[in-house]
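User: Hi! I'm new to reading protein models. Could you walk me through a few features of this one?

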Amino acid sequence: MLLEKILQSQGFGSRKYCQQIIKNGSVTIENQICDNPKQNFPTEHLSFEVFGEEYLFRENVYIVLNKPKGYECSHQATHHKSVFSLFPEILLHRGIQCVGRLDQDTTGLLLLTDDGQYLQALTNPRKHVPKVYHVTTADPITQEQKQALEQGVELRNEKGIYAATDVHLFSEHQLSMTIHQGVYHQVKRMLAAVGNKVEDLHRHQVGLFELPKIPEGEWLYLSATQKQLSHNIALEK
């Protein structure tokens with residue numbers, strides 16, 4: 001691939017700008033300055049430096065963010081900050097999108113990508129990708145409420161019954177539960193339907209992929225194995 005196209009594909013800017021920084025000697029590969037925008041390089045396992053910072057060529061990016069409170073999953077956030085403000089410009093130029101959404105007051109695992117097929121596989125409602133949430137409730141959780149969540153509840157303005165699986169009580173005010181649909185405010189509405197209220201909500205897992213131990217507001221590129229863990233259940237359906 002032409003060097004100018006490599007840089008453009010990785011989010012460094014327009015083709016003209018990429019040509020300019022190459023000609024200015026700002027790009028090095030294997031410790032050699034590369035000032036010819038038309039020079040060809042194989043992209044597999046390609047690493048390069050731009051302005052002294054090292055990058056690895058990625059055909060697509062797959063990212064996990066430990067989302068903090070007070071951030072909206074939108075490029076045009078209205079009442080809070082945008083989660084996209086937590087990422088560098090080169091990722092924004094690549095057009096990364098959230099894989100689903102978390103409310104501004106919900107924390108935890110948020111996946112982002114510029115791979116349309118991956119995004120569609122995980123957000124298609126017919127795939128029923130399981131998502132594990134940790135919930136803190138306003139009132140003590142009763143056994144009757146736990147059973148009602150497992151048996152399923154009706155949600156206003158929604159068709160069908162919505163049930164949780166793998167409901168585990170950590171304490172009288174904390175539980176984990178797995179949902180398989182993803183309708184608007186589903187966990188909050190399910191707890192309200194059984195007579196309780198969500199005080200704090202944290203997404204811990206998507207598919208078989210658990211949130212890595214990273215601080216709130218921090219993000220990581222997914223490894224190939226991690227990507228598959230988040231994706232494989234969607235592929236099986």
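User: Which side chain forms a polar contact with the side chain of Gln 10?

Analyst: Happy to help, and keep in mind that this model is predicted. Gln 10 sits in the loop between helix H1 (3–9) and helix H2 (15–23). At 3.1 Å, its side chain makes a polar contact with the side chain of Ser 9.

User: Is Gln 10 buried or exposed?

Analyst: Leaving out residues up to four places away in sequence, Gln 10 touches several others, including Phe 48, Leu 56 and Ile 90. Its relative accessible area is 6%. Buried means under 20%, so Gln 10 counts as buried.

User: How much space lies in the largest pocket?

Analyst: A useful idea first: rolling a probe the size of a water molecule over the atoms shows where empty space is left. For the largest pocket, that space comes to about 700 Å³.

User: Of the residues that line the largest pocket, which are the closest to its centre?

Analyst: The lining divides into 14 nonpolar, 10 polar and 6 charged residues. Of the 30 residues in this lining, the closest to the centre of the largest pocket are Gly 100, Arg 101, Gly 182, Val 183 and Arg 203.

User: Which element gives the most to the lining of the second largest pocket?

Analyst: The second largest pocket holds about 210 Å³ of space, and 15 residues line it. Strand S4 (53–56), helix H3 (89–93) and strand S15 (219–221) each supply at least two of the lining residues. The element that gives the most, with 4 residues, is S4.

How values were computed: Residues are numbered from 1 along each chain as its sequence is written. This is a predicted model: local features need pLDDT of at least 70, side-chain atom pairs count only at pLDDT 80 or more; totals for chains, interfaces and linings use all residues. Side-chain values use heavy atoms; hydrogens and water are left out. Buried means under 20% relative accessible area, exposed over 50%, partly exposed in between (1.4 Å probe, protein chains only). A polar contact is a pair of N or O atoms within 3.5 Å; within protein, one must be able to donate a hydrogen and the other to accept it, and residues adjacent in sequence count only if both atoms are side-chain atoms. Contact means heavy atoms within 4.5 Å. On a 1 Å grid over the protein atoms alone, a cavity is a set of points where a 1.4 Å probe fits but cannot get out, and a pocket is an open set with protein on both sides within 12 Å along at least five of seven lines; lining residues have an atom within 4 Å of a point. Grid points are joined across faces, edges and corners, and a volume is the space filled by probe spheres set on the points. Ala, Val, Leu, Ile, Met, Phe, Trp, Tyr, Cys and Pro count as nonpolar, Asp, Glu, Lys and Arg as charged, and the others, Gly among them, as polar.
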